[in-house]
Amino acid sequence: MLKYLLASALLLCGIGPLTAQESMSLGRENRIDSVLASVNGEPVTLLDVMLESGHDEGRLAAMFTGERLYSETEKLRRKIVDEIVVRKLIFNEYKTNPFEIKKQHIEDVVDSIAQTMGDGTRAGLERKLKSYGATMREIRDKALEKIAVDVLMMDHCDRRVFITPRQVYEHYRSNARLWTRPAVISLQLLLVRKDTGKDTAAIVKDLSAMLKDADGSTFSRITKENTEGPNASQGGSIGSIERDKLRPEFREVLKTAKRGDIFGPVETPEGFYFIRVAELHPAVKQPFKEVSEQIRQKLRRQETETIRARYREQLLKEAIVRYYF
């Protein structure tokens with residue numbers, strides 16, 4: 001009976017379910033009328049998804065290629081399908097008890113869709129929709145749905161969240177490391193590489209003598225003339241790095257380092273390093289007053305998502321949802 005109802009709903013829309021081959025290729029699917037899911041018999045199409053994924057799919061195309069691009073596109077589309085399924089369930093409440101949504105708000109959402117699907121203009125969006133066999137009326141309907149769902153989600157979930165000052169302070173006190181700026185160190189590196197055909201031992205010995213008690217300008221000059229490592233023209237400077245992120249060989253040597261200290265030679269698989277500590281900044285705990293609002297917002301986001309997740313689970317328990325991929 002359920003299969004009959006679903007098939008009837010899809011036929012009424014003039015759309016058939018995905019074939020077995022298509023169901024394996026959500027990241028490659030290009031038929032805009034492809035049905036990806038149904039919610040109580042109402043279809044979710046690829047067009048529904050692409051109205052929201054267009055911008056992110058463009059970013060993926062700039063980051064990946066080949067099979068990785070298809071894989072990442074599929075993950076993105078699956079995520080958006082799940083969001084649309086829940087949104088349709090929430091929208092049913094609006095259809096039962098509608099409230100006023102101003103036309104200007106709808107047009108604002110349409111403009112945002114034009115930014116991701118068209119060329120940033122309404123005319124560009126209309127051309128794109130025409131190529132898909134869709135209309136601006138459909139887009140306005142989807143914009144209204146989005147606004148209505150956002151309002152209802154806020155009413156059912158977001159308004160119930162209140163973070164107290166005590167919660168904020170307890171989080172700060174219990175998670176000191178999260179609100180501490182890490183210790184950072186600025187280094188200059190002089191590298192003598194192994195296996196270059198040169199007399200590495202002699203070079204290291206000479207540099208050890210030359211760099212003994214050298215000041216910053218001397219270290220920079222010698223590095224420019226001798227290093228086989230990065231940033232030779234900047235005297236081997238690599239800028240600032242968190243101390244905890246130093247490679248093990250450096251971290252061990254620099255445990256007791258002070259500003260201006262020179263260490264080396266430090267042997268590594270690629271060669272021998274001489275290291276100068278240009279700057280040294282200890283870890284600093286951020287004052288509560290400085291981060292309290294940031295903590296409050298973080299706790300609010302976490303609590304909001306928890307309540308929203310429970311709300312989504314309850315809606316899905318009471319619905320008939322089918323996926324065709």
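In which sense, and over how many bridges, do strand E4 and E5 pair? In this predicted model, strand E4, spanning residues 184-193, pairs with E5 in the antiparallel sense over 5 bridges. Both strands belong to an open sheet of 4 strands. This briefing covers that sheet, the helices across it and one loop residue.

**The sheet**

- The strands of the open sheet follow the order E5-E4-E7-E6, and their pairing is antiparallel.
- Strand E5 (237-242) and strand E6 (262-268) form the edges, each of them pairing on one side only.
- From one strand to the next, the twist averages 35 degrees.
- In general, the strands of a sheet pair through backbone hydrogen bonds, in either a parallel or an antiparallel manner.
- Within the pairing of E4 and E5, serine 186 has serine 240 of E5 as its bridge partner.

**Helices across the sheet**

- Helix H9, made up of residues 200-211, lies across E4, E6 and strand E7 (271-281).
- The direction of helix H9 is at about 140 degrees to E4.
- Helix H10, made up of residues 216-226, also lies across E4, E6 and E7.
- Helix H10 runs at about 40 degrees to E4.

**Isoleucine 320**

- Isoleucine 320 is located in the loop between helix H12 (288-317) and strand E9 (321-323).
- The relative accessible area of isoleucine 320 is 41%, so this residue is classed as partly exposed, a class that lies between the buried limit of under 20% and the exposed limit of over 50%.
- Isoleucine 320 and serine 38 are 282 residues apart along the chain, and 8.1 Å separates their C-alpha atoms.

Note on methods: Residues are numbered from 1 along each chain as its sequence is written. This is a predicted model: local features need pLDDT of at least 70, side-chain atom pairs count only at pLDDT 80 or more; totals for chains, interfaces and linings use all residues. Side-chain values use heavy atoms; hydrogens and water are left out. Two strands pair if DSSP finds at least two bridges between them. Helices (H or I, at least four residues) and strands (E, at least two) are DSSP runs, numbered from the N terminus. Axes are lines fitted to C-alpha atoms, for helices over the stretch in contact, and angles run from 0 to 180 degrees between N-to-C directions. Contact means heavy atoms within 4.5 Å. Buried means under 20% relative accessible area, exposed over 50%, partly exposed in between (1.4 Å probe, protein chains only).
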